[in-house]
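Trainee: I would like to learn how the terms used for a structure are justified. Can we go through one, term by term?

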Amino acid sequence: MVRWTLLHAALRAWVIQCWWRSMQAKMLEQRRRLALRLYTCQEWAVVKVQAQVRMWQARRRFLQAHQAACIIQSHWRWHASQTRGRIQGRYEVRASWLELDIEILMT
């Protein structure tokens, strides 16, 4: 009877230990999945922030280049409109030959 009681107690302890080990394995797997999910969320957040910063930098560089091109174009158009059809200089015509002294001012 004592052997039978000890055998049943040992079997019950073994069943409880198996259950506890399986519960520990499940909890460990849940923690691992949670850590993996948190890691992937953080990684995606970092990737999104990097993409936004790179897009902002590229847009800023593009706008700077666009503004520089607009300034150059406006100055060139102003210069072209100021010098269109007019050459400033000194002309002198002599009887035997033509002496041309042309001074073009680009200001």
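Mentor: A search of the whole structure finds two salt bridges. This is a predicted model, in which local features need pLDDT of at least 70 and side-chain atom pairs count only at pLDDT 80 or more, while totals for chains, interfaces and linings use all residues. Residues are numbered from 1 along each chain as its sequence is written, and side-chain values use heavy atoms, with hydrogens and water left out.

Trainee: What makes R32 and E29 a salt bridge?

Mentor: The term requires a side-chain nitrogen of Lys or Arg within 4 Å of a carboxyl oxygen of Asp or Glu. The closest N and O atoms of R32 and E29 are 2.6 Å apart, so the pair meets the 4 Å limit. Both residues lie in helix α1, three residues apart, about one turn of the helix.

Trainee: Why is the contact of E29 with R33 called a salt bridge?

Mentor: The closest N and O atoms of E29 and R33 are 3.2 Å apart, so this pair is also within 4 Å. E29 and R33 are four residues apart in helix α1, again about one turn. Shared partners join E29, R32 and R33 into one network.

Trainee: Why is R33 called exposed, and R32 partly exposed?

Mentor: Buried means under 20% relative accessible area, exposed over 50%, and partly exposed in between (1.4 Å probe, protein chains only). R33 has 51%, so R33 is exposed. R32 has 47%, so R32 counts as partly exposed. E29, at 29%, is therefore partly exposed as well.

Trainee: How many residues of the protein count as buried?

Mentor: Of its 107 residues, 1% do.

Trainee: What makes α1 a helix, and which other elements are there?

Mentor: Helices (H or I, at least four residues) and strands (E, at least two) are DSSP runs, numbered from the N terminus. Helix α1 covers residues 2-83, so the run meets the minimum of four. The protein has one helix and two strands, in the order α-β-β from the N terminus on.

Trainee: How do you know where the model deserves caution?

Mentor: pLDDT is the predictor's confidence in each residue, from 0 to 100. The protein has a mean of 85, and 78% of its residues reach 70 or more. Confidence is highest in α1, at 94, and lowest in strand β1 (residues 89-93), at a mean of 53. Where pLDDT is low, the predicted coordinates should not be read in detail.
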